[in-house]
Amino acid sequence: MKQITVNIKLVQGDITEQNVDCIVNAANKELRGGKGVCGAIYKAAGRDELQAETTPLGPISTGSAVMSSAQNLTTYGLVGDKHGIKGIVHAVGPIYQDGLHGEVELLASAYRNSLILARQYGYKSIAFPCISTGVYGFPAALAAKIAVTTVVEYLLQNPGLTVVFVAFESDDFILLETALHNTKQYGQLFVDTGKLSAFNIDCEQKQSLDKMLDDAGLQPLQNQQTDFRGVFSAEFKKVITDISDPFSEI
Ligand code: ADP
């Protein structure tokens, strides 16, 4: 029997403040600094310096990714932290139209290509935002499901990287947490509940989240009641018994 441990963390916060080797930017094809998470990353890294570095790297196609340095983010972050962020992966997710334009596969590619790049650069940890779920309009529950399954499947085949999902909004945290709990087919899920944090989601919000989860084919969690207490920082480890078939059930 061989065990594969897959390390995935889920946090709510700002991606520019994560203590990881590289962070992923939800980029546009031209690699222009924009709004949303892209704006936050360019601002923290140094807009002009980062733009001067990324412009010659573009344009790139939807679903692909390129690596840049982290500019000022290398020294940004926790006081006294000398390790900082080393690289920024610029990954282009699809603009969601109707789901009939290859959006699912293109979003999975954006995640997969980011993981491949991080590995090529020898990075040990990578943080993802919820790619395409902002102005690109991807349904958030479906995007969470694609993010989680793509990452878990990649890590089972290529262990060693720690992946941090960074949810900026509490809704995205709940959707990602639910998607992680829905991955039982890949092995046993261990949850280190970390710090607990209360998300005050009301009935209406819960109903709308449940509807989104249902549309994405995900089972809502039992404990997501109106007084739901979310896991603020969780570690997910998958252990499988048969390495020859990482997707087999145990
Ligand atoms: P896209 O164009 O790919 O849709 P957006 O930047 O509009 O990208 O949104 C992607 C996601 O990033 C959204 O879920 C949004 O809440 C989230 N986001 C915005 N700012 C940050 C940040 N500083 N850190 C992490 N995630 C963020």
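**Charged pairs and unusual spots in the chain**

At 31% relative accessibility, Arg112 counts as partly exposed; that label covers whatever falls between buried (under 20% relative accessible area) and exposed (over 50%), using a 1.4 Å probe and protein chains only. This is a predicted model, where local features need pLDDT of at least 70 and side-chain atom pairs pLDDT 80 or more, while totals for chains, interfaces and linings use all residues. Residues are numbered from 1 along each chain as its sequence is written, and side-chain values use heavy atoms, with hydrogens and water left out.

Arg112 has a partner, Glu105, and the two form a salt bridge (a side-chain nitrogen of Lys or Arg within 4 Å of a carboxyl oxygen of Asp or Glu). The closest N and O atoms of Arg112 and Glu105 sit 3.4 Å apart. Glu105 is also partly exposed, at 45% relative accessibility. The count of salt bridges comes to five. Another of them pairs Glu30 with Arg32, at 3.1 Å from N to O. Glu30 has a relative accessibility of 39%, which means partly exposed, and Arg32 lands in the partly exposed class too, at 46%.

Then there is the pair Lys86 and Asp21, whose side chains meet in a salt bridge at 3.0 Å, N to O. This pair ties together distant parts of the chain, with the two positions 65 residues apart. Lys86 sits in the loop between β3 (65-69) and β4 (87-92), whereas Asp21 belongs to the loop between β1 (7-12) and β2 (22-27). Lys86 has a relative accessible area of 41%, so Lys86 is partly exposed. Asp21, on the other hand, counts as buried because its relative accessibility is 13%.

Now for the chain as a whole. The secondary structure adds up to six helices and 10 strands; these are DSSP runs numbered from the N terminus, helices being H or I with at least four residues and strands E with at least two. The protein chain has 250 residues, and 48% of them count as buried. Take the contacts (heavy atoms within 4.5 Å) between residues at least 6 apart in sequence: 77% of these join residues at least 24 apart.

One spot where separate stretches come together involves Ser109, found in helix α3 (residues 103-120). The C-alpha atoms of Ser109 and Gly63 are separated by 4.9 Å, although the two residues are 46 apart along the chain. With a relative accessible area of 15%, Ser109 is buried.

The backbone holds a few oddities as well. Gly58 and Pro59 are joined by a cis peptide bond, with omega at about -5°. Pro59 has its place in the loop between α2 (47-54) and β3. Leu31 has a phi near 60°, a positive value in a residue other than glycine. The loop between β2 and α1 is where Leu31 lies, and Leu31 counts as buried because its relative accessibility is 1%. Ser132 is another non-glycine residue with a positive phi, this one near 75°. Ser132 is found in the loop between β5 (125-128) and α4 (140-157). A relative accessibility of 6% puts Ser132 among the buried residues.
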